[in-house]
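Thank you for making the time this morning. I would like to walk through one protein chain with you, going from the sheet to the core and then to a few single residues.

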Amino acid sequence: MSNRLAVFSALCPLLFPVCAFAQSSQDWLPESGVKSPYSPLAVPTELHPVTASLSSLLKTGYRITTTTNYAGSGALFTLEKRGQTILCVLTPPNPQTDQNVPTSRCWSL
């Protein structure tokens, strides 16, 4: 037991610096337009509307690579298939409006 305590106390100082790096990207990435040599330019990106739904894209072989909350009103998914990237927003049903089924909007890059 004392051996485990000694190992734990020896490893604790090594773990604390790692925790300091566990920050969200918004904490350390410079925003676009900030005067910094590391700041990226805001480059126009074409988004082409996709008429297929999120579910049909998944059935045709696309796979979800990332997901995140979309402004509190749904989820944003990044899909990929053979080098093709698609962004989809999934909006859940909202009982406060007349939308009673989930909907999705998708764009190819």
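**The sheet and its surroundings**

Let me begin in the middle of the sheet, where S3 and S4 pair in the antiparallel sense over seven bridges. Within that pairing, Leu 76 stands opposite Val 89 in S4. Please keep in mind throughout that what you see is a predicted model.

S3 also pairs with S2, again in the antiparallel sense, and here there are six bridges, with Arg 63 placed opposite Glu 80 in S3. Taking the sheet as a whole, five strands form an open arrangement in the order S1-S5-S4-S3-S2, with antiparallel pairing. Strand S1, residues 48–50, and strand S2, residues 63–69, stand at the edges with a single partner strand each, so one side of each has no neighbour in the sheet. On average, and ignoring direction, neighbouring strands are turned by 25 degrees against each other. As a general reminder, strands of a sheet pair through backbone hydrogen bonds, either parallel or antiparallel.

If we now step back to the whole chain, we find three helices and five strands, and from the N terminus on the elements run α-α-β-α-β-β-β-β. Of the 109 residues, 15% are buried, and the accessible surface comes to about 8900 Å², with 62% of that belonging to carbon and sulfur atoms. Among contacts with a separation of 6 or more, 25% are between residues 24 or more positions apart.

Which residues, then, make up the largest nonpolar core? There are nine of them, namely Leu 54, Leu 57, Tyr 62, Ala 75, Phe 77, Leu 79, Ile 86, Cys 88 and Cys 106. Helix H3, residues 54–59, strand S3, residues 75–81, and strand S4, residues 84–91, each supply at least two residues of this core, and the largest share, three residues, comes from S3. In soluble globular proteins, nonpolar side chains do tend to be buried together. Phe 77, one of the core residues, touches Leu 54, Ile 64, Thr 66, Thr 67, Ile 86, Leu 87, Cys 88 and Leu 90, if we leave out residues up to four places away in sequence.

Thr 78 is also found in strand S3, and with 18% relative accessibility, under the 20% limit, it counts as buried. The side chain of Thr 78 makes a polar contact of 2.7 Å with the side chain of Thr 66. Apart from neighbours within four places in sequence, the contacts of Thr 78 include Arg 63, Ile 64, Thr 85 and Leu 87.

A further buried residue is Ser 108, at 12% relative accessibility, which is found in strand S5, residues 103–108. With neighbours within four places again set aside, Ser 108 is in contact with Glu 46, Leu 47, His 48, Val 50, Gln 84, Thr 85 and Ile 86.

Finally, I would ask you to look at the backbone in two places, bearing in mind that most residues other than glycine have a negative phi. In the hairpin of S2 and S3, with five residues between the strands, Ala 71 takes a positive phi near 50 degrees. Arg 82, although it is not a glycine, has a positive phi of about 50 degrees. Is Arg 82 buried or exposed? Arg 82 lies in the loop between S3 and S4, and at 77% relative accessibility Arg 82 counts as exposed.

Technical notes
Residues numbered from 1 in each chain as written. Predicted model: local features only at pLDDT ≥ 70, side-chain atom pairs only at ≥ 80, totals over all residues. Heavy atoms only, no water. Helix = DSSP H or I, 4+ residues; strand = E, 2+ residues; numbered from the N terminus. Buried < 20%, exposed > 50% of the residue type's maximum accessible area, 1.4 Å probe, protein only. Contact = heavy atoms within 4.5 Å. Areas by Shrake-Rupley, 256 points an atom, 1.4 Å probe, with all protein chains shown as cover. Core = buried A, V, L, I, M, F, W, Y, C linked by side-chain atoms within 4.5 Å. Pairing = 2+ DSSP bridges. Axes fitted to C-alpha atoms, helices over the stretch in contact; angles between N-to-C directions. Polar contact = N/O pair within 3.5 Å; in protein donor to acceptor, adjacent residues only side chain to side chain.
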